[in-house]
Amino acid sequence: MNMPPITKNLIIINLLFFLAKIVAQRYGIDLNDVLGLHFFMASDFRLFQLISYMFMHGGLTHIFFNMFAVWMFGRVMETVWGPKRFLIYYMVCGIGAGLAQETVQYLSYLSQGLYNYDNYELVKVGYAMLTIDQYLNLWTTVGASGAVYGILLAFGMTFPNERMFVFPLPVPIRAKYFVIGYAVIELMSALGNSNDGVAHFAHLGGMIFGLLLILYWRRNNGGGYGYDGNAAEKLKRWFTDKFDRFSAPKRPKMRVHMGGRRKDDYEYNARKKADEDAINAILEKVKKSGYSSLSDEEKKKLFDASQR
């Protein structure tokens, strides 16, 4: 119920596009063909497809697992980073995944010698005869998987020791090993030429661009409070900075009105210090035992504090 805004809106937008695709099919319009990412040398390619393809999906299973991952891991990362940074990261990973897929398709275009054909020259594709342009327009990519794999990477780097239950494994696995395992599986699938219709290199591209962005934020301290790979320490610095101006002075200099009663600086600062200590205690618990160790009340308190 406390889903952060970007995570919630991303899921809603994806679901709306999926419903629009179903409705459009009844009118003979294939939105996956219009908004999906085409090979950049095909006639149906449009620059906006590098963004629109992220919101299109092939089927119910495709969108369900992608949105489940966005809900499960995206809401945590948005709470850690904040809405703006999370949205930037999501879009960079998604666009990066599309660029990776375009690069791989171009290498395939070269390896098959398709540049030697005229656009209207016929080639045999299965049992059909297609022109080169028709064939290239079949190279279409859809789905938020590249951005999702970027989120998985971010979660694994932020909470590397968080234990996760992954079906069908009977025991929990640490997040860092979960992410590494997924990356290895995708790499092996991509290099194995499985022809399963899955854009494995796009998934890897999302992770690579996500890694580069995280490393950039680390090196440049995030351009603000910074991302240093440790969510607990990052949030602790944020709260310390936020509450620093309320540290108790040597002597009272002013009075403030709260709820109709006069309170001096010491009493006001004492309440702020108590709030800060409570948040620090929660952050230390996250650092030692992981985010999942928090009670619902502690998670709510941490989330509410991060929104102030």
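A nonpolar core here is a set of buried Ala, Val, Leu, Ile, Met, Phe, Trp, Tyr and Cys residues joined through side-chain atoms within 4.5 Å. Keep that in mind as we walk through this predicted model.

Start in the biggest such cluster. The largest nonpolar core has 45 residues, and the members touching the most others are Phe-73, Met-77, Trp-81, Tyr-89 and Phe-155. Helices H1 (5-25), H4 (60-81), H5 (83-111), H7 (145-158), H8 (175-191) and H9 (200-219) each put in at least two residues. Apart from this core lies another one of 9 residues, including Ala-42, Leu-114, Val-123 and Ile-132.

Now zoom in on Phe-155. If you skip its neighbours within four places in sequence, Phe-155 is in contact with Phe-73, Val-76, Met-77, Pro-160, Glu-162, Met-164 and Ala-175.

Next, follow helix H5. Is its length what you'd expect? What span should its 29 residues cover at 1.5 Å a residue? They should span 42 Å, and because the end C-alpha atoms of H5 are 42 Å apart, the two values agree. After H5 comes Gly-113, with a positive phi near 70°.

Two H5 residues make a nice pair to look at. Gln-101 sits in this helix and counts as buried because its relative accessible area is 11%, under the 20% cut-off. Beyond its neighbours within four places in sequence, Gln-101 is in contact with Thr-141, Ala-199, Phe-201 and Ala-202. Tyr-106 is also in H5, but its relative accessibility is 33%, so Tyr-106 counts as partly exposed. Tyr-106 joins Phe-40, Met-41, Leu-107, Leu-110 and Tyr-115 in making a nonpolar surface patch of about 560 Å².

Methods:
Residues numbered from 1 in each chain as written. Predicted model: local features only at pLDDT ≥ 70, side-chain atom pairs only at ≥ 80, totals over all residues. Heavy atoms only, no water. Buried < 20%, exposed > 50% of the residue type's maximum accessible area, 1.4 Å probe, protein only. Helix = DSSP H or I, 4+ residues; strand = E, 2+ residues; numbered from the N terminus. Contact = heavy atoms within 4.5 Å. Patch = residues over 30% accessible without salt bridge, like charges linked within 9 Å, V, L, I, M, F, W, Y side chains within 5 Å. Areas by Shrake-Rupley, 256 points an atom, 1.4 Å probe, with all protein chains shown as cover. Salt bridge = Lys/Arg side-chain N within 4 Å of Asp/Glu carboxyl O. Expected span 1.5 Å × (residues − 1).
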